[in-house]
Each structure stands twice: as C-alpha cells, then as structure tokens.
There are 4 protein chains.
Amino acid sequence: MTHTVGVLGATGAVGQRLIQLLDPHPDFEIEALTASSESAGKPYRKAAKWRISTPIPDSVAEITVAETDPDAIPDVDLLFSSLPSSVGERVESDFCEAGYVVSSNSSNQRMAEDVPLVIPEVNADHLGLLEVQRDSRGWDGAMVKNPNCSTITMVPTLKALDEFGLSRVHVATLQAVSGAGYSGVTSMEIIDNAIPHIGGEEEKMESESKKLLGSFDGAELAAHDATVSASCNRIPTLDGHLENVWAEFEAGATVEDAVEAMESYQGIDLPSSPDPLIRVFEEPERPQPRLDRERENGMQICAGGLRESETGIQYNCLAHNTLRGAAGASVLNGELLAKEGYL
Amino acid sequence: MTHTVGVLGATGAVGQRLIQLLDPHPDFEIEALTASSESAGKPYRKAAKWRISTPIPDSVAEITVAETDPDAIPDVDLLFSSLPSSVGERVESDFCEAGYVVSSNSSNQRMAEDVPLVIPEVNADHLGLLEVQRDSRGWDGAMVKNPNCSTITMVPTLKALDEFGLSRVHVATLQAVSGAGYSGVTSMEIIDNAIPHIGGEEEKMESESKKLLGSFDGAELAAHDATVSASCNRIPTLDGHLENVWAEFEAGATVEDAVEAMESYQGIDLPSSPDPLIRVFEEPERPQPRLDRERENGMQICAGGLRESETGIQYNCLAHNTLRGAAGASVLNGELLAKEGYL
Amino acid sequence: MTHTVGVLGATGAVGQRLIQLLDPHPDFEIEALTASSESAGKPYRKAAKWRISTPIPDSVAEITVAETDPDAIPDVDLLFSSLPSSVGERVESDFCEAGYVVSSNSSNQRMAEDVPLVIPEVNADHLGLLEVQRDSRGWDGAMVKNPNCSTITMVPTLKALDEFGLSRVHVATLQAVSGAGYSGVTSMEIIDNAIPHIGGEEEKMESESKKLLGSFDGAELAAHDATVSASCNRIPTLDGHLENVWAEFEAGATVEDAVEAMESYQGIDLPSSPDPLIRVFEEPERPQPRLDRERENGMQICAGGLRESETGIQYNCLAHNTLRGAAGASVLNGELLAKEGYL
Amino acid sequence: MTHTVGVLGATGAVGQRLIQLLDPHPDFEIEALTASSESAGKPYRKAAKWRISTPIPDSVAEITVAETDPDAIPDVDLLFSSLPSSVGERVESDFCEAGYVVSSNSSNQRMAEDVPLVIPEVNADHLGLLEVQRDSRGWDGAMVKNPNCSTITMVPTLKALDEFGLSRVHVATLQAVSGAGYSGVTSMEIIDNAIPHIGGEEEKMESESKKLLGSFDGAELAAHDATVSASCNRIPTLDGHLENVWAEFEAGATVEDAVEAMESYQGIDLPSSPDPLIRVFEEPERPQPRLDRERENGMQICAGGLRESETGIQYNCLAHNTLRGAAGASVLNGELLAKEGYL
C-alpha cells in the first residue's frame with residue numbers, strides 16, 4: 001500500500017538524500033516539497049542545487065516547491081523533515097497540530113519526554129510514546145525523531161552488547177564533513193587538518209544514546225543508566241562516520257561473545273533495514289569510510305577490530321552519516337509508522 | 001662546547017628531519033652519515049632524495065655516506081639512529097659495543113629492562129639505567145631510546161596530571177601519514193578515508209607510557225600502575241598527531257586544577273625544550289594539526305578542550321610527529337646525554 | 001552468444017576493474033585468471049587484495065590463479081591483459097603466437113605499425129590491421145591495444161570535432177592518483193600538492209592521439225597530421241581525469257557547431273558503449289571528477305565549458321580513468337573483436 | 001625611513017596576510033586597520049578570526065578597528081586595500097580623493113586606463129600613469145593595483161621570455177583553494193575533486209597579462225599584442241597556484257635560451273623582491289605547490305619542466321597565491337611607491 005509523503009526542507013543536503021531514497025521507495029510517493037520562501041513557487045529542479053552524483057529524479061523535478069507552512073502544502077500521509085533545527089523548533093509542531101505525522105531528522109525536541117527518539121531496529125517499542133504525546137499536546141498528528149548521525153553509528157552495536165549489562169561507554173568519533181551540511185566545513189579548515197570539536201555533538205551522543213537504550217513501560221521512558229562519554233572530531237573525509245568505542249559490562253564478555261551478539265542482532269524487519277543489521281569484519285583495519293559506507297545502500301552498520309581491553313570490549317564502528325545517519329534514519333522511522341498503523 | 005655527531009639511517013624521513021634539526025644546533029656538529037649499502041660512497045645530496053621544503057643544508061650535502069657499520073664511520077661523540085627497527089635490532093648494539101653512545105628513535109629494545117626510554121621533560125632520571133646497562137652488557141657505549149610518536153604526544157600531559165594520582169587512561173589517536181614513513185601510506189588508501197588500525201601502535205602506546213611514567217630507584221625501573229587503553233587511527237593529514245584522552249585519578253581534579261598542572265609543568269631545561277612545555281588552549285576547537293604542529297619549532301605539546309567527564313578529565317593533545325615525536329625527541333635525548341656527562 | 005575469457009594480471013588495480021566489469025557481462029564468462037608466480041595456485045579471493053568497494057564476485061572468488069604462461073591456462077576465446085608493460089612486452093606475444101586473441105591495456109607495442117590501437121567508437125576500422133599483423137608475425141592469435149587513460153579521455157571529443165579539420169591541439173591534464181596504480185602515488189607526495197610531471201605521459205598522449213585519429217587504407221595506417229602538445233599533472237583526486245583542451249581547425253567552428261558535433265557523435269554501438277558517447281554540459285563548472293566520473297557505469301565521456309578562443313574552440317573533458325580509460329576500454333575492444341568475428 | 005600605513009579590510013584572508021608581512025617590515029609601521037561596521041570599535045584580536053599558523057602580532061592585537069571610511073582613520077602615508085571588490089569599487093576612490101595613496105589588491109578598476117596595474121619587477125615604469133590619473137581625476141591621493149594571483153604567477157616568466165618576441169600564450173592553471181578566500185570553497189566541493197571553472201578568472205588572466213606586458217610612453221599605455229588564452233581550474237591544494245604554460249615567439253628560442261632568460265631576469269630591487277626573481281628547476285617534476293610555495297618568504301616565482309613544443313617553449317610555473325600573488329604583491333607596490341617618492 002502506497003502512502004503519499006512530503007519533504008520539509010527539501011533543497012538542503014539531507015533533503016536531497018531523502019528524495020534520493022524516497023524516489024524509488026516501494027511504499028512512498030512524493031507529493032509535496034517545501035523550502036524557504038526564496039525557493040517557494042519554483043519547480044524543484046530550479047530551486048535545488050542538486051549535488052548528488054546520480055541525476056535529479058524525474059518524479060520530483062517539476063514539483064512546485066511550497067513554503068514550509070501547513071496551509072501551503074497538499075494533504076499527505078507523512079512528512080519527512082530535514083529542516084534546520086532553529087526552523088524545525090518553530091514549525092514542526094505547527095504541522096503536527098494541523099494533523100500531520102512527521103518523521104524528523106532535526107535535532108530540536110529530540111530529548112522532550114513525550115517525543116519518541118527512535119532507531120527502529122533498536123527501540124521500536126518507544127513509538128508507544130506517541131499516545132502520551134497526543135494526550136499531552138492535543139495533537140491529531142504526531143512527531144517522531146531520529147537521533148544524530150554520530151549516535152546512530154554507535155547505538156545499534158551497543159544495543160546488541162547490552163545483553164551483557166552495558167555499564168560504561170567511551171567513544172571517539174572521526175566524522176565526515178558532509179555531517180555539517182554542504183557548506184558547513186570550508187576546505188581551508190579541513191584539508192591537511194582535523195578539528196577536535198563539533199559544537200553540541202558530544203552532549204547529543206551522550207543523552208541520545210541513553211534515551212535510545214532506555215526502557216518504556218507504556219507510560220514513561222527511563223533512560224539507560226550506563227555512563228556515556230564522547231569525544232568528537234571532524235576529519236577530511238566526505239561521507240561516513242568512523243568511531244572508536246570502549247564498552248564495559250556488568251557481566252563479562254569475550255570477543256567471541258561480542259561478535260556473536262552483534263552478528264545475530266537484527267531488531268526488526270523493515271523495507272530499508274539491512275540484513276544483517278551489523279556487519280562484523282575480521283580484518284582489524286576495517287571498516288573504513290570509503291570502502292564500507294555504501295554497503296546495503298548505505299544503511300548497514302559496520303563493526304570491526306573487536307578486542308578485549310582491561311575493562312571490557314573495544315571496537316570500531318562505521319555508518320554512512322547522511323544515509324543511515326540522517327535521511328535513511330527518517331525513512332526507516334516512516335516505515336515503522338506505516339507498519340504500526342499511524343499513517 | 002660542541003660535540004661531534006653522526007646519523008645512522010640518514011637518508012630516510014626521520015634521518016632528514018634529524019639533519020634539519022642538527023644542522024643549526026649550537027652544540028652538535030654532524031660528521032658522519034650512514035645509510036644502506038646502495039647509498040654508501042655517494043655524497044649525501046646524491047644519496048638522499050631530500051623531501052623537506054627547506055633546502056638540504058650545505059653542512060651535509062658533500063659528506064660521503066658510509067655503510068651502517070662501526071668500522072665504516074669516523075669517531076664521533078654521539079650517534080642518532082633512525083634505522084628501521086629490523087636493522088636497528090641488529091646493528092645498534094654493535095655500535096654500543098664498539099663504544100658509541102646512541103640516541104635512538106628505532107622501536108627495537110625500547111622495552112628492554114636495562115634500556116632507558118626517555119622523554120627528558122618527563123623522566124630524565126631514568127638515564128641512570130645506563131649504569132645498569134653497562135654492567136649487564138659490558139658496553140663502553142650506551143643506548144637511550146625515545147618512545148613512539150603517538151606516545152610522546154600524550155605522555156607529557158599525563159605526567160603533568162599524575163600529581164592527582166593517574167589511575168586509568170583511554171586514548172584515541174588521529175595520526176598523520178608521515179608517521180608511517182614517506183611511502184608508508186598510499187594516496188589510494190587514505191584520500192577521503194580513515195584507517196582504524198596501525199600495526200603494533202596500540203601496544204606501544206600502552207607499554208611505553210607505563211614505562212615512561214614509572215619510577216626508577218637507582219637499580220630497577222617499576223612501571224606505572226595506571227591502565228592505559230589506546231585506539232589508533234590513520235587520517236588524511238600530513239603531519240601532527242591529534243589525540244583524545246580520558247584520564248582518571250585517585251584524587252579528584254577539576255578542569256582548573258588540570259589546566260594549572262599542565263601549564264606549570266616544565267620538567268627540565270634543555271636547548272631544544274620549549275617553554276612552556278605544554279601550551280593549553282582555551283578555544284575548544286584547538287589544537288589542530290595544521291595550525292598548531294609548528295609551534296616552538298615543532299617541539300611544543302599542545303592541549304585543549306579540557307572538560308570534566310563523569311570519571312575524570314577529558315582533553316585533546318597534539319604534537320608534530322616527526323619533530324617532537326621522532327627526530328626532535330632523539331635530539332632532546334642527545335642534549336640530555338651531553339648535560340649528564342655521557343659524551 | 002557467450003565467449004569464455006581470461007584475465008592476465010588479474011590481481012592488480014586494472015585487473016580487479018576488469019573482473020568488476022566482466023562478472024555481470026552478458027557475453028563474456030571468466031574462466032581463467034593469471035598473476036605472478038607468488039599468487040599462482042591460490043584461489044583468487046586469497047591471491048588478490050580486493051580493493052573495490054563492491055564485494056569480490058562469487059564467479060571468480062574460487063578460481064585458482066594460474067601463472068601467466070600460455071601452457072598454464074585453459075583454452076579461452078579471449079584474453080584481457082592488464083600486465084605491467086615490462087611483463088606484457090615479454091609474454092603477450094607468446095600468447096598470440098599460441099593462438100590467443102588478446103585485448104590489452106598494457107602500453108607496450110601500442111605504437112607498433114601492425115598493432116591496432118583502438119577506441120571502438122573512434123576507429124573501429126583500424127581492426128583491419130589484424131590481417132597485416134597475422135601476415136607479418138605468422139600468428140594464429142591477435143593483439144589489439146587500447147590507448148592510455150589520458151588519451152582516451154580526450155580523443156572521442158577530438159574525433160567528433162575533426163569534421164572541422166583538426167589542425168592543432170593543446171591539452172593540460174589533471175589526473176587522478178588511481179592512474180598510477182594502487183601504490184603509485186604516496187600520500188606524502190600528493191596531499192595538499194600537485195605534481196606537474198608524469199613520466200612518458202605527454203609523449204603517449206601526443207603519439208597515440210595521432211594514431212587513433214589516423215586513417216587506415218586496408219594496408220597501412222597514416223597518422224593524423226594535427227599537432228598535439230600535452231602537459232600532464234597529477235592532483236589529489238582518486239578517480240577521473242579532467243582535461244583542458246584547446247582545439248584549432250582548418251575550417252571555422254562555432255561553439256554551437258562544436259556542441260552539436262559532440263552530442264551527435266556516436267561511432268559504433270557495442271554493449272558497453274554509452275549513449276550518448278559524449279555528454280555535453282551547459283554549466284561551465286562541469287564536468288567534475290567526483291560528480292561525473294560514474295556516469296553510464298563510468299563509460300561516458302563528459303565535456304563542458306565550450307567557448308571560443310582566438311584560434312579555435314576551448315573546452316574541458318573528463319572520463320573515469322580506470323573504467324572508460326583502462327578496464328572498460330579493453331572490454332569494449334573485446335566486444336568489437338566479438339562483433340567482427342575474431343573470437 | 002619609516003612610513004605609517006593602514007590596511008583596509010584587515011580581518012579577511014588577504015588582510016591577515018598583509019599584517020603578517022607588514023608587522024616585521026623595516027619601512028612600514030601599521031597604524032590603522034579597517035573592517036566592516038560589525039568589527040569597528042573592537043580591538044583587532046577580537047575583530048579578526050586569526051587563521052595563520054604564526055600568532056597574531058603584538059603590534060596590531062590592540063589596535064581598534066575602524067570603519068572603512070576616510071573620516072574614521074588616522075592620517076597615514078599609505079593604505080593597503082584588500083577589500084572585496086564590490087566594496088573597493090565604492091570606497092577606494094573616496095580614500096584617493098581624500099588624499100590617501102592606496103596600494104590595492106582588489107580587482108575593481110584594474111583595467112581602467114589611468115590606473116597603473118603593476119608588478120614592480122615587470123613594469124615599474126607604468127607607475128608614471130599616476131600623473132595621468134591625478135590629472136584626470138583631480139586626486140591628491142593615488143591608486144595603484146596589483147593583478148590577480150593567477151596572473152602574477154605567470155607574467156614574470158613571460159616578461160623574461162618577451163625578449164624573443166612573445167606572440168601567443170596558452171595557460172592552464174591548477175589553483176589553490178585559498179585564492180577564493182577563507183570560505184570560498186567548501187570541503188564538499190573540492191575533496192576528491194577538481195573544478196574546471198573560476199568565474200571571471202580566465203578573462204582577468206588574459207586582459208591583465210596584456211596590460212602588464214604593455215608599454216607606456218609617458219602618456220598612454222599600449223597593451224602587448226600577444227594573444228593569451230587561459231583555462232582555470234580549482235584543485236584540492238591549500239596554497240600555491242601551479243600553471244602549465246605554452247609560449248610562442250616571433251624569434252626562435254631554445255630551452256637553453258629560455259632558462260637563461262628566466263634565470264637572469266631580475267627587473268628591480270625592492271626590500272621584498274626575491275633574488276633571483278625566478279628560480280628555474282632542472283627536475284621535471286618541480287615546482288610543486290607544497291614543496292616550493294614558501295621559497296624566499298613566499299615571494300619567489302618558480303619555474304620548471306622547460307621543453308620545446310612544436311611551436312615554442314612549454315613550461316610550468318608556481319607562486320604562493322596569497323603571498324606573492326596578493327598580500328606580497330601589494331606590499332611590493334607599496335615599496336615601489338616609497339622608492340619613487342609618492343609617500
């Protein structure tokens with residue numbers, strides 16, 4: 001069954017990735033695209049500076065871009081939002097109040113206690129928070145968020161390992177420039193360089209991870225009680241976030257246990273979910289961003305280099321930050337909303 | 001007072017950096033250069049493919065390169081060695097047995113219990129191990145080692161913080177390609193990429209750090225009992241290793257304590273030692289490899305981003321890997337040997 | 001109709017690209033793979049360090065690699081050769097003498113007067129030289145060469161423009177590192193740099209272009225009499241050669257004439273030949289290596305920036321150097337050999 | 001004798017390079033800095049985001065930034081301008097009318113017939129146009145321009161070769177990202193890529209070169225009658241423009257003639273002018289941006305790869321685009337103005 005969908009913030013980097021994923025999607029059909037007022041009224045092909053190496057899809061090229069306003073768009077079953085968070089903060093709620101169901105990649109409201117923050121393979125059951133949300137906000141619509149790209153890269157592996165009683169996590173990230181948007185990192189800043197700071201990123205990784213790994217009792221969400229400490233870096237790589245993780249457990253876990261746990265963890269089966277969810281490499285030098293970011297349409301989580309450290313298991317993980325980590329994450333949440341009957 | 005010196009392995013990347021540092025050095029005068037047998041007999045300017053952007057120094061251009069053999073070189077007060085470790089393993093001992101004092105950057109024998117592994121600002125007193133070494137090996141000469149470049153970047157900051165009782169360290173490195181030698185990393189491997197593995201590097205960081213921070217009672221060296229866990233990555237940066245460190249302490253330490261400890265730590269005063277030893281940045285996005293690696297002739301340790309984590313202090317540090325981390329480290333050890341009367 | 005094929009030099013960079021193209025090919029079936037003697041006897045998946053981001057094809061993973069010797073391989077209809085030219089010089093003739101038909105990417109013998117140097121869309125008729133070759137060499141087999149990657153990028157556009165009487169060409173290249181093989185350019189050489197020299201490349205572009213654009217009267221090949229002057233540079237790009245061309249003509253040609261000539265030129269229709277052969281961009285900043293090298297499976301020639309200069313037409317062109325410029329070029333020649341009945 | 005100077009547009013990339021060069025300058029003393037109104041009133045160290053790896057000079061750190069207005073700044077002998085050309089177009093004339101002498105790097109008015117466009121080593125005599133300028137414009141002040149960075153890289157070599165009767169030039173450029181300003185090229189645009197178009201650059205190279213090489217009879221400037229055709233590319237290099245040049249002559253010139261002409265050409269002796277002006281490499285793979293851009297404080301022109309082509313001499317040249325090609329070019333013009341008595 002096909003659902004009609006729209007994209008809020010369709011001309012930006014994640015907006016373009018959303019269109020790239022939604023155009024061939026078996027269950028979704030794009031009928032609305034919004035952008036800022038300068039773009040409104042133009043056909044999409046003129047409004048967007050298309051920067052993906054595959055051509056702009058015919059299905060969207062001639063759609064007239066609308067303003068990002070509930071009154072300006074046609075009625076659709078589902079909206080994907082990749083608005084800048086400052087704009088999202090302001091208008092996403094307007095859409096929900098107007099009855100729209102929104103799957104949003106924007107960082108605003110991710111930590112609100114009645115907003116489900118979801119990676120379907122990790123915590124699909126948190127979607128139940130939507131009942132709480134509708135009660136508290138009086139919405140006909142609904143708002144689901146996916147986490148930050150650096151969080152998504154790591155959390156599926158932590159979920160797989162949580163059977164050993166995750167107690168403490170250290171993570172250092174090597175993040176690609178595309179995560180900052182098309183113009184976020186200048187070439188003068190990053191060529192022959194690295195930047196050991198990404199504003200707000202460490203806090204997001206810490207709080208979002210604990211929320212994602214937390215438990216929902218049907219009424220309230222309790223965050224996981226593991227401590228998470230992140231150190232975030234930008235490096236001269238185009239796509240693909242690579243992360244070094246140290247995980248500690250209440251119970252002991254061998255490398256074999258950890259590999260087995262990762263390889264067998266699947267979570268849920270949705271159209272865009274890869275199988276297996278996590279690919280574990282034996283070669284210690286893998287995964288690598290350029291070689292492994294495109295696996296399974298950029299949706300697979302890759303892990304490798306599992307080794308015992310004095311206090312737990314140490315490993316590396318990788319995901320495509322604008323596919324699995326942003327646009328693909330929103331699409332997965334849209335698929336979950338469809339499966340659970342919210343559309 | 002001037003000492004005559006030689007360079008073993010003078011044509012390689014670190015050998016060239018040694019020459020760059022020794023040429024203008026006030027206390028050392030280059031009189032011998034060795035390389036492999038293909039280069040022996042040629043003037044240095046022909047034997048070496050000079051790859052540093054400043055011109056080859058006149059003082060060495062016409063020196064005839066000798067074979068790396070104690071019988072092939074003139075008598076000099078001090079030898080610097082940047083031999084490949086497989087070669088160093090074989091011949092450095094020959095030079096020491098023949099009476100030469102060797103300051104070596106090669107990784108062989110660094111962990112031998114009668115070989116001092118020294119960063120002068122950190123553990124100059126370990127030089128006393130040379131008496132043990134001469135007793136046990138019957139040498140007239142002596143062998144001092146400096147640690148691996150990734151170890152050097154971090155250990156001065158840990159030493160400064162050890163006043164709070166260092167108990168546990170996690171470190172993730174973002175290492176420059178020059179650390180693998182001129183041809184160590186191909187462009188196809190690293191452009192638009194990162195590699196989460198450097199063979200043997202994590203073990204070196206862990207064992208060398210504990211030896212450097214250990215205590216010497218005049219007879220034996222006891223390693224520091226902190227646990228150290230490293231995760232090493234190669235990134236597309238030319239020079240400068242950047243590291244994310246989490247340090248835990250027996251006593252508590254605030255960020256202010258830690259900044260004060262780093263800024264006031266100096267260790268020892270040698271001609272090539274920077275003042276201050278550690279520069280601490282307030283800006284969270286610093287230090288950065290390209291902007292900060294050249295400070296104080298590439299000899300300063302830079303730190304920044306100090307913040308409290310749940311279990312200690314988290315920060316970033318940086319050093320120029322082929323200057324402070326290799327050639328400059330050997331030169332500092334040579335200066336220490338001169339000061340302590342070993343030449 | 002399916003032909004059995006083999007790959008000489010199957011473990012190298014171009015060898016892997018050949019396998020990537022031949023595995024899904026409708027008309028060819030891989031039955032033999034050769035490499036150096038260290039690899040011989042191993043299954044291909046162990047002999048090759050697979051470096052392409054798509055997985056190693058199942059169809060070849062278990063093929064036992066043979067030595068590069070006519071007696072060591074099974075009988076196949078066609079061999080593709082990506083041997084180093086020094087090896088190719090020695091053994092390709094042995095295979096031809098033993099009756100094999102060889103489509104070779106190696107640079108040896110490209111300029112021999114009885115060896116057809118072919119881009120099927122440009123000079124398919126030169127294949128007639130094979131009769132001359134068999135007469136002069138007494139071979140049952142046959143040897144066809146494709147040109148150098150930098151030559152292939154430019155020559156289809158020159159052929160299209162030759163209707164205006166090409167008289168003189170200046171070309172400057174910006175070449176990707178993959179053209180030098182996996183280990184050809186170190187990261188220390190090329191990051192934050194460019195190298196204005198590639199040994200032998202300018203001479204190849206000049207002589208090969210004139211041979212490709214030349215005319216064959218059934219007995220002898222006459223080189224085109226245009227002058228060609230090349231300036232070749234290596235830049236920090238992974239794949240895709242970009243070239244700036246100035247073309248002068250005996251007759252005048254406007255930009256519109258030139259665009260029309262390029263867009264309408266097709267040459268020949270083979271399974272791997274793109275349609276159109278040449279894509280002409282209106283946007284002056286295109287084509288760009290990263291955005292345009294993958295078009296039409298990496299087989300399309302892209303052009304753009306056409307403008308009148310005082311003495312002719314100036315433009316830019318681009319092709320994927322290891323697909324259209326090497327492995328794909330050999331496959332196209334194999335398709336031409338099949339079509340013309342040589343298999 | 002010391003002259004007081006100011007910098008218009010002091011916070012931008014070229015403005016910072018100007019300060020880096022003027023701070024240690026023997027003849028100039030910085031007394032005024034201007035920027036946009038948001039920066040005005042702040043001390044320079046707060047107004048500028050300092051991005052050069054050497055620290056911000058003490059001599060300027062506390063200067064209060066003024067608005068870019070003749071009434072807002074103290075009286076100084078000479079102003080250097082690195083204003084955006086749109087702003088420069090508007091306000092540089094105001095300063096000249098108010099009596100200031102301006103050495104400007106901005107592109108506006110470079111081609112005006114009464115504005116000298118000068119590289120002191122090439123056409124110092126064109127400064128005589130200032131008399132024409134003052135007559136026509138009624139100014140007490142004066143305006144001198146330096147050309148575009150890509151033009152400066154090539155023109156000194158062409159001037160040296162003009163003794164053979166320069167008739168025609170083809171030039172392809174490989175330009176560094178710093179030429180577009182700090183934020184001019186995003187990392188997403190240029191990593192693993194190249195862009196064959198820089199807006200307006202080719203026209204600047206063509207027209208400016210002819211003006212620089214032209215002759216001044218004391219009243220009027222006649223442009224050189226050689227044809228110049230440029231093709232401009234941006235590549236992933238931080239600093240240093242590399243250019244491939246083909247030069248044709250009325251008289252013949254051998255490679256030896258050309259090398260001799262370049263090596264012996266000096267032009268004029270000013271404090272910041274390198275000696276020799278042009279360094280000619282024998283090694284065909286040099287000059288290279290990273291290895292050679294810093295020679296002689298970034299002020300030397302490097303050339304190499306001289307070879308005969310069918311119609312003239314072909315070679316490569318290189319200069320540091322923000323030093324020799326921008327800030328250093330303005331400083332040289334300031335030195336020429338001082339020497340010629342205009343201050």
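Before I show you an active site, one definition: UniProt positions are given here in the numbering used for this model, feature names are shortened, and annotations may be inferred rather than shown by experiment. With that in mind, the UniProt annotation "active site", from an unreviewed entry, covers Cys149(A) and His241(A). These two are spread over 93 residues of sequence, yet they cluster in space, with a largest C-alpha distance of 8.0 Å. Cys149(A) sits in helix 7 of chain A, residues 149–161; helices (H or I, at least four residues) and strands (E, at least two) are DSSP runs, numbered from the N terminus.

Okay, some housekeeping. This is a predicted model, where local features need pLDDT of at least 70 and side-chain atom pairs count only at pLDDT 80 or more, while totals for chains, interfaces and linings use all residues. Residues are numbered from 1 along each chain as its sequence is written, chains are lettered from A and ligands numbered from 1 in the order in which they are written, and side-chain values use heavy atoms, leaving out hydrogens and water.

Now, chain A itself. It's divided into domain 1 (3–148 + 326–339) and domain 2 (149–321), with bounds that come from an automatic or database domain assignment. Their centres, taken over C-alpha atoms, are 24 Å apart. Another unreviewed UniProt annotation, "domain: Semialdehyde dehydrogenase NAD-binding", covers residues 4–130 of chain A. That span is 29% helix and 18% strand.

So how do the two domains of chain A meet? For contact, meaning heavy atoms within 4.5 Å, 34 residues of domain 1 pair up with 35 residues of domain 2. The two domains bury about 2,700 Å² between them, 65% of it on carbon and sulfur atoms; buried area is the accessible area (1.4 Å probe) that two parts lose on being put together, summed over both. On the domain 1 side, Glu121(A), Val122(A) and Asn148(A) lose the most area, together 28% of what that side buries.

There are two salt bridges between these domains, a salt bridge being a side-chain nitrogen of Lys or Arg within 4 Å of a carboxyl oxygen of Asp or Glu. Have a look at Asp239(A) and Arg17(A), whose side chains meet in a salt bridge at 3.8 Å, N to O. Helix 13 of chain A gives the most to the side of domain 1 that touches domain 2, with eight residues.

Next, the neighbours. Chain B puts 45 residues into its contact with chain A, which brings 44. That interface buries about 3,400 Å², and carbon and sulfur atoms give 47% of this. The rule finds six salt bridges across it. In one of these, Glu202(B) reaches Arg307(A), the closest N and O atoms being 2.8 Å apart. On the chain B side, the largest share comes from strand 10 of chain B, with six residues.

And what about chain D against chain A? Here the contact takes 15 residues from each of chain D and chain A. The area buried is about 1,400 Å², with 72% from carbon and sulfur atoms. Tyr182(D), Met188(D) and Ile191(D) supply 43% of the area that chain D buries there, more than any other three residues. How many salt bridges are there between chain D and chain A? The count is zero.
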